[in-house]
Amino acid sequence: MKTLFKLFLVLCAVAVFSKTVLAETMNNAQMTNHEVVILLGQMLGFSQESDAEAVLYYAQNYFDWFVEHGILEGEFVPEEYTMTNEYATLSALTLEVLENAASIETLMGVGNRGLVNGDIETVRFTMPQGISVSDDRVFVLDTFNNAIRTILNGNVSTLTGSAAYLDATGLSRGFFVDGNLSQALLNRPTSGVFNANGEFFFADSGNHVIRHVVGDRVYTFSGGSRGHRDGARNEARFNTPMAIATDDAGNIYVADTLNHVIRMISAEGRVSTIAGIPGREGYNNGGRREALFREPAGISVNGDGSVIYVSDTGNHVIRRIENGIVTTAAGVQEEFDEDFPLGGFRNGEAALAQFSSPRGIIIVDGSLIIADSGNHRIRAINPSGEVITLAGNGEPGDNDGFALGSVINGATDIHYHNGQLFIADTGNNKLKILIFV
């Protein structure tokens, strides 16, 4: 597939390098930077744009990539000029670098909704929102099928849950039943993790509980009816918990989304609120009892549990919790609809970057990788504090290939394993892989 993708790039490059450009190159004529970026953008998989403002918008998705790889330098000014022989050099450099660029490929899913098991030719999911990888299997939180699916040796099977009952909208209706894997019923599972012992836990958001797979059975690990209560895990209450993470000691961290707080279930089984005010949404940094969140729906923690990162989804920012203090790690709010912040898109310095409904978040080698669902992109905050785009061109859709030119649709979760980034491409009803080279 990778080889075919490279061939596709070569064919695109030949098509883009039109007879007119070749003729002008012979005479070393002038091209506007506007034209240069359109043509180079086509080589990366972007559609042709003629409007200068539109070019400026989509060029920011990959201009930094050109600079990083030594293809372009300085700032992009559409009205300035480049000589056509310089463009010929730039296009050749681009093609050379693209041969070893990151790409996205579909792992599983034909794109249609449904619960169908089998291989890549037949498998169907319905808006999966969680993905987790063990050494031998991929676990998929197939949210709107109310099921957990697994991928093993290129085949998908249903571990537990059922989509047999439909609601008034035609989607699977959720239930709450513990028991054997074949009998257990779920309600909008959204996030799953393996602890240090290889045990699988998941947030069953519609049932307001954290559940646990042990052997061939599903148990309720913590929670019950909707609400907020700390204490023993079997007495605790949550409100639509949508994301969980775990540290090396076995503590489980919960983004308790509609309580607007961050919780922890200790290895001893005690639930505590570690940041936020239950039931009060807003945006405020500070101590754990004064910090405010708005529908946090993504969470990650380092190995010893000393640093927690939160996708503060409703605030469109990334938060950091350390030593009981909440700060903003990246993102800024600039536009509002009445009192509600609106998302945006901007790369660059973390304090000035913008996100739109960020969801899944993970720590990888000192960087943070984020499923920026509202922007239809996979973003990263690198160790130097800059926000960059890893994949997606910002338009919702479905197209594999060169990572920055690829098209994804509302991806909500990510998991890094053995050099590959697994993506729950929710709106496309697919699982994808970002392959780094």
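The following exchange asks how several descriptions of this predicted model are justified.

User: What makes up the protein chain in terms of helices and strands, and what share of its residues is buried?

Analyst: The chain contains 6 helices and 33 strands, and buried residues make up 56% of its 437 residues. Among contacts between residues at least 6 apart in sequence, 47% join residues at least 24 apart.

User: Why is strand S16 called largely enclosed?

Analyst: A residue is buried when its relative accessible area is under 20%, and 5 of the 5 residues of S16, which spans residues 261-265, are buried, so the strand is largely enclosed by the rest of the structure. The burial concerns both faces, with Val261, Arg263 and Ile265 on one side and Ile262 and Met264 on the other. The listing by sides follows a general pattern, in that side chains of a regular strand alternate between the two faces of the sheet.

User: How do you know that S15 and S16 are paired, and in which sense?

Analyst: Pairing requires at least two bridges between the strands, and S15 (residues 252-256) and S16 are joined in the antiparallel sense over 5 bridges. Among the bridge partners, tyrosine 253 is matched with methionine 264 in S16, and valine 254 with arginine 263 in S16. The two strands form a hairpin with 4 residues between them, and histidine 260 in that turn has a positive phi of about 60°.

User: Which strand pairs with S16 over 4 bridges, and what lies between the two?

Analyst: Strand S17 (residues 270-275) pairs with S16 in the antiparallel sense over 4 bridges, and at least two are needed for strands to count as paired. Arginine 263 has threonine 273 in S17 as its bridge partner. S16 and S17 form a hairpin with 4 residues between them, where glycine 269 in the turn has a positive phi of about 95°.

User: What makes S15 a mostly covered strand, and how is it joined to S14?

Analyst: For S15, 5 of its 5 residues are buried, with Ile252, Val254 and Asp256 on one side and Tyr253 and Ala255 on the other. S14 and S15 run antiparallel and are joined by 5 bridges, with alanine 243 standing opposite alanine 255 in S15. Their hairpin has 5 residues between the strands, and glycine 250 takes a positive phi near 95° there.

User: Why are arginine 188 and histidine 376 called buried, and what is notable about phi in each?

Analyst: The cut-off for burial is a relative accessible area under 20%; arginine 188 has 16% and is therefore buried, and histidine 376 has 14% and is therefore buried. Most residues other than glycine have a negative phi. Arginine 188, however, has a positive phi near 60°, and histidine 376 has a positive phi of about 55° although it is not a glycine. Arginine 188 belongs to the loop between strand S8 (179-180) and S9, whereas histidine 376 is found in the loop between strand S27 (367-372) and strand S28 (377-381).

User: How do you know that serine 356 is buried, and which residues is it in contact with?

Analyst: Serine 356 has a relative accessible area of 14%, so it is buried by the cut-off of under 20%. Its place is in the loop between strand S25 (348-349) and S26. Leaving aside neighbours within four places in sequence, serine 356 is in contact with His316, Gly343, Gly344, Asp372, Ser373, Gly374 and Asn375.

User: Why are S4 and S7 described as standing at the edges of their sheet?

Analyst: The open sheet has 4 strands in the order S4-S5-S6-S7, with antiparallel pairing. S4 and strand S7 (155-161) each have a single partner strand, so one side of each is left without a neighbour in the sheet. The twist averages 25° from one strand to the next. Within this sheet, S5 (residues 138-142) and S6 (residues 147-152) pair over 5 bridges, and aspartate 142 stands opposite alanine 147 in S6.

User: What lines the largest pocket, and which element gives the most to that lining?

Analyst: About 690 Å³ of space lies in the largest pocket. Of its 39 lining residues, Val193, Ala245, Ser300, Ile362 and His415 are the closest to its centre. S26 gives the most to the lining, with 6 residues, and the lining residues divide into 18 nonpolar, 15 polar and 6 charged.

Definitions and conventions:
Residues numbered from 1 in each chain as written. Predicted model: local features only at pLDDT ≥ 70, side-chain atom pairs only at ≥ 80, totals over all residues. Heavy atoms only, no water. Buried < 20%, exposed > 50% of the residue type's maximum accessible area, 1.4 Å probe, protein only. 1 Å grid on protein atoms, 1.4 Å probe; cavity = no way out; pocket = protein on both sides within 12 Å on 5 of 7 lines; lining within 4 Å. Points joined across faces, edges and corners; volume = space filled by probe spheres on them. Nonpolar A, V, L, I, M, F, W, Y, C, P; charged D, E, K, R; others polar. Contact = heavy atoms within 4.5 Å. Axes fitted to C-alpha atoms, helices over the stretch in contact; angles between N-to-C directions.
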